[in-house]
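The following note concerns selected elements of the structure shown below. The points are numbered for ease of reference.

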Amino acid sequence: MMQCPICKSDKDSKYLCDYKFEIHEDKKYFGNLKIDRCEKCDFSYANPMPNSENLNFFYENVYRLPNRPPYWVSKNDEVSEKRFLEDKNLNYLLYLSTLIDLKNIKNIYDFGAGFGDLGFAIKKKFPNVELFCTEHDKQCVKILEKRGYNNDQIENIDEKFDLIITLHSLEHLVDVEVFKKFYEILKPEGLIFFEIPNCPKEYFSGRPYDGPHLLFYTKKSIETICNKFNFEVFRIDVSSYSFNEDHKFQKESQDRYYRIKSGKTFDSLKQLLKKFIPVTILKMRQAILNSKNIDEMHKLGLFTVNSGDNCYLRGILKKK
Ligand SMILES: [Zn+2]
């Protein structure tokens, strides 16, 4: 039995289930995994953890390749650069600006920044804010640079920050020691704004896949981490879709990947047709699709908070 990454003991841990890959080929980076659960910390984790060389390679080169879930990154940088206006990002901004006074934030460090959408949106409104981040993905690095981020390895970060942002990153780590570093680089009473999947036991039944997450948090495990690393919970919510809806969307996303990969598909046919149809017609068609698209209803999930079985945990932690 592997030690629980939070309490460092194996006495309350036991096997929970086998690991399910979203993209089966990813197994070559992650190996044969099972999931263990520590009852005391209400925390689940992959066992054994993949080696860091493979993981680094994966996150630098593979994770955000075009036509891959969960990000479906576009080859066109202009499309990626507009993502900061998407509902999800505006929802983060609304949450943050409701709970903290953003004009007091002088600098921000985004751990696992992706394209750095949230910091970028904040900087649009508060141009003096300084942006730092750690992000190794090759698709993201040049956009982060263009947006004025100082991007560096986490070991090299030695500024003191008002705010750390970490959205859908902590679940990709092999342990929770990053909270020690967060403590060191925060100013007194500095804040961490996080969002991660919410993974109590019920989450695991019916899930299509885990990949490529390695740590599975709950409200209680966040509280345990706070006690261990000297943070207080300023605010914690469950947010977004219900487990059932989330599982459904995950399945759709996975199916889409394998459809595109198989090459003979409607999706790839659509890509091919796009090359021959004038842009204006495509735009009109897109407007019609958008107005009817049932996917639009998914957005309502982004505004659902604390209704019980939601699939994300979101909150703000404060340095003690
Ligand atoms: Zn534990």
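**Note on strand S7 and helix H4**

1. In this predicted model, strand S7, helix H7 (residues 178-185) and strand S8 together form a β-α-β unit of right-handed sense.

2. The strands of this unit are themselves partners: S7 and S8 (residues 186-197) are paired in the parallel sense, with six bridges between them. Within this pairing, Thr166 has Phe194 of S8 as its bridge partner.

3. S7 also pairs with strand S4 (residues 107-111), again in the parallel sense, over three bridges. Here Asp110 is found opposite Ile165 of S7.

4. How many of the seven residues of S7 are buried? Six of the residues in this strand, which spans residues 161-167, are buried, and S7 is therefore largely enclosed by the rest of the structure.

5. Turning to helix H4, this element covers residues 87-99 and comprises 13 residues. The distance from its first C-alpha to its last is 18 Å, close to the 18 Å expected at 1.5 Å a residue.

6. The buried residues of H4 are Tyr92, Tyr95 and Leu96. Viewed down the axis of H4, these buried residues fall within an arc of 95 degrees, so they line one face of the helix. As background, an α-helix has 3.6 residues a turn, so residues three or four places apart point the same way.

7. Against which elements do the buried residues of H4 pack? Their packing partners are helix H5 (117-125), S8 and strand S11 (310-319). S8 thus links the two parts of this note: S8 pairs with S7, and the buried residues of H4 pack against S8.

Notes. Residues are numbered from 1 along each chain as its sequence is written. This is a predicted model: local features need pLDDT of at least 70, side-chain atom pairs count only at pLDDT 80 or more; totals for chains, interfaces and linings use all residues. A residue is buried if 20 or more other C-beta atoms lie within 10 Å of its own, exposed if 12 or fewer, and partly exposed in between; C-beta atoms are placed from the backbone. Helices (H or I, at least four residues) and strands (E, at least two) are DSSP runs, numbered from the N terminus. Two strands pair if DSSP finds at least two bridges between them. A crossover is right-handed if, with the strands pointing away from the viewer, the path from the first strand over the helix to the second runs clockwise. The expected span of a helix is 1.5 Å times one less than its number of residues. The arc is that of the directions from the helix axis to the C-beta atoms. Two residues are in contact if their C-beta atoms, placed from the backbone, lie within 7 Å.
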